[in-house]
Amino acid sequence: MIGFIQSKKDLLTRYFSNQPNSTPTDIDEVEVKLNDRNMATLLCALSYLIQYGNDPSVKQLRQSIYTAMVFIQNQNQNEEYYQQMITDALNNQLLSYPKGFIGLKGAGDTYSLIVPNKSDKSHPFIFSPVLSSIHIIGVVAVLNALSTVLPASLSFQQICKDCITYYLTQLHADFDQFQEPSFLWCSQFLRDISKDVQIAAKSVMFSVLQRMEFTQQKQLAEKLANMLLETSGTKSSKQLNSQRQNIVVALALLAYRVPRAVDGRIATITAMELIDILEKGGPQHSSAITLLGDGYSIWKYYIPDAMGFCRQLFQLSLPALTSQIPGNNNVGTDVSLLAADSLQAFVNMASADTRLYIEFINNIITNAQQSSTTTLNAAISSLYPIMQKHPKCLMDHLVVVTSLLLKVLDPHLPAIRDVCMANSTNILRFMVEIYPMVSFHQEKQKLAIGSIDGNVVIYDMRTASKWQLFEAHKNCPIHALSFSPNGQYLSSFSSVEKSCKIWNTDGGSGGAILSLLGVNNRCVKTFTLDNMHVKDQLKPMEILKFVKI
């Protein structure tokens, strides 16, 4: 179902639009019938999936399915196949509790069935922790796939999102005999090949934890840890290894979501097991990597070799990193799920421990002549997703990052400069776009960086060297820089000092020499900002609107 949804965006948009559209005339009749047949099958399957629940959002979803079914029925009035199938489904929609059988394919190619049971007490189905897990994961995965591919302008997209919220947070309260999904059972779906199923499983596990009392969360952590210890001394097998990895990722997700529920002993066991999966692989390889990245702020205290861990993630991320290097023949090609998850984990790790990340890429770039061009360019490329997703983590390190990027642009190393030129300049250009404390003057080829200690560093891009260094705001972080149109002047702003200063940077060819002799750039004007216009704490990207000259 999910694969069909992801491949039929235009078709789904047509059927689930606020007013279903007629079939375009330029589409072949055979293709039209095939689309209608596939869509009717999807709608019928979806109608059975959403049998539980009486929330208004679920009723709206059923009504939308009903409308789409009538639309298909009207277009295929002479087709007996459609008439019988859709009539059954439409009748199913009109019942308060539709009759039906749900067969869901689970991990390991197994099938679980939800079957009717005659009862007047609450509903016609028997709940169990396993069936609750399978059903809610299935519903959330399908609805999430639908809401992702459909445009936000369609009301159906919001209906899907509302239904997801209901199934995760409210369904349990609507039925007296409802049983919570099994936390451990859900963990096996974290290894599913579909990202939507993985996200759904994680969402269900989070919702289960959210409804638990803190004592229950601690008891669950202890139970999972004991299960892990019990299997440690037994003879290894493929099935046992799979079960053991399920326990590890379940425990890691619990620790990530509720750190207080896991003591140091359990955290150490979990971290070591995650590293073991990282090194050896297995069915939960990708899940373990994701959890290591997401929860690195927890695991870093229990990982003995942080630099080695960083190196392993980097190596696994190489296919994803090299695919975005300018001039690479593989740019834009699909990368494996493992490489994509490894890159995401590497980025999250860098955000949680930026100094470790800076040290890692510094080792690669400093030894550029001994590093392969692939490794060198991948290290440079890793800056882009970090700046894109976690720009604040690098704000205190922009001078160091710039110095590293300029090392590979050194004219004295032409071989390295040639292979890294496009990649490095793209990163520097992106820095200028997203950081207000970075400014570049195209004509003069000067790049200015404002640091957290109040200093301004200006680089000459022609020689890839430091050109000027001066103190602009004493012991106060610089939040914004901008060159004048002719490049002679540079304005600097500090929200802490509440001042904006204009500097004459035109030192001529002897600018660097004068700086070394202690001759500072002359401040030609200082503007003090009114306290009414500057808050005590400003978000970095909101600072410029408060600068009034």
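Lys 498 sits in the loop between strand 8 (489–494) and strand 9 (499–504). This is a predicted model, and in it Lys 498 has a phi near 55°, a positive value in a residue that is not glycine. Elsewhere there's an open sheet of 4 strands, a helix packed on that sheet, and a search for disulfides that comes back with 0.

**Loops with positive phi**

- As background, most residues other than glycine have a negative phi.
- Lys 498, with its phi near 55°, counts as buried, because its relative accessibility is 18% and the cut-off for buried is under 20%.
- Gln 445 is another non-glycine residue with a positive phi, at about 55°.
- You'll find Gln 445 in the loop that links strand 3 and strand 4.

**The open sheet**

- The strand order is 3-4-5-6, and the pairing is antiparallel.
- Strand 3 (438–441) and strand 6 (465–471) are the edge strands; each has a single partner strand, so one side of each has no neighbour in the sheet.
- On average, neighbouring strands here are turned by 20° against each other, ignoring direction.
- Strand 3 and strand 4 (residues 446–450) run antiparallel and are joined by 4 bridges.
- Looking at the bridge partners, Val 438 goes with Ile 449 in strand 4.
- Helix 21 (residues 398–407) packs on this sheet and touches strand 3, strand 4 and strand 5 (455–460).
- The direction of helix 21 makes about 15° with that of strand 5.

**Thr 354 and its surroundings**

- Thr 354 belongs to helix 18, which covers residues 354–366.
- Its relative accessibility is 9%, so Thr 354 counts as buried.
- A polar atom of the Thr 354 side chain lies 3.0 Å from the backbone oxygen of Ala 350.
- Setting aside neighbours within four places in sequence, Thr 354 is in contact with Cys 393, Leu 394 and His 397.

**Cysteines**

- What does a search of the whole structure find in the way of disulfides? The count is 0.
- Why is there no bond from Cys 160 to Cys 163? Cys 163 holds the closest cysteine sulfur to that of Cys 160, but the two are 6.6 Å apart, which is too far for a bond; a disulfide needs the sulfur atoms within 2.5 Å.
- Cys 160 counts as buried, at 0% relative accessibility.
- Cys 310 is buried too, with a relative accessible area of 0%.

Key. Residues are numbered from 1 along each chain as its sequence is written. This is a predicted model: local features need pLDDT of at least 70, side-chain atom pairs count only at pLDDT 80 or more; totals for chains, interfaces and linings use all residues. Side-chain values use heavy atoms; hydrogens and water are left out. Two strands pair if DSSP finds at least two bridges between them. Helices (H or I, at least four residues) and strands (E, at least two) are DSSP runs, numbered from the N terminus. Axes are lines fitted to C-alpha atoms, for helices over the stretch in contact, and angles run from 0 to 180 degrees between N-to-C directions. Contact means heavy atoms within 4.5 Å. Buried means under 20% relative accessible area, exposed over 50%, partly exposed in between (1.4 Å probe, protein chains only). A polar contact is a pair of N or O atoms within 3.5 Å; within protein, one must be able to donate a hydrogen and the other to accept it, and residues adjacent in sequence count only if both atoms are side-chain atoms.
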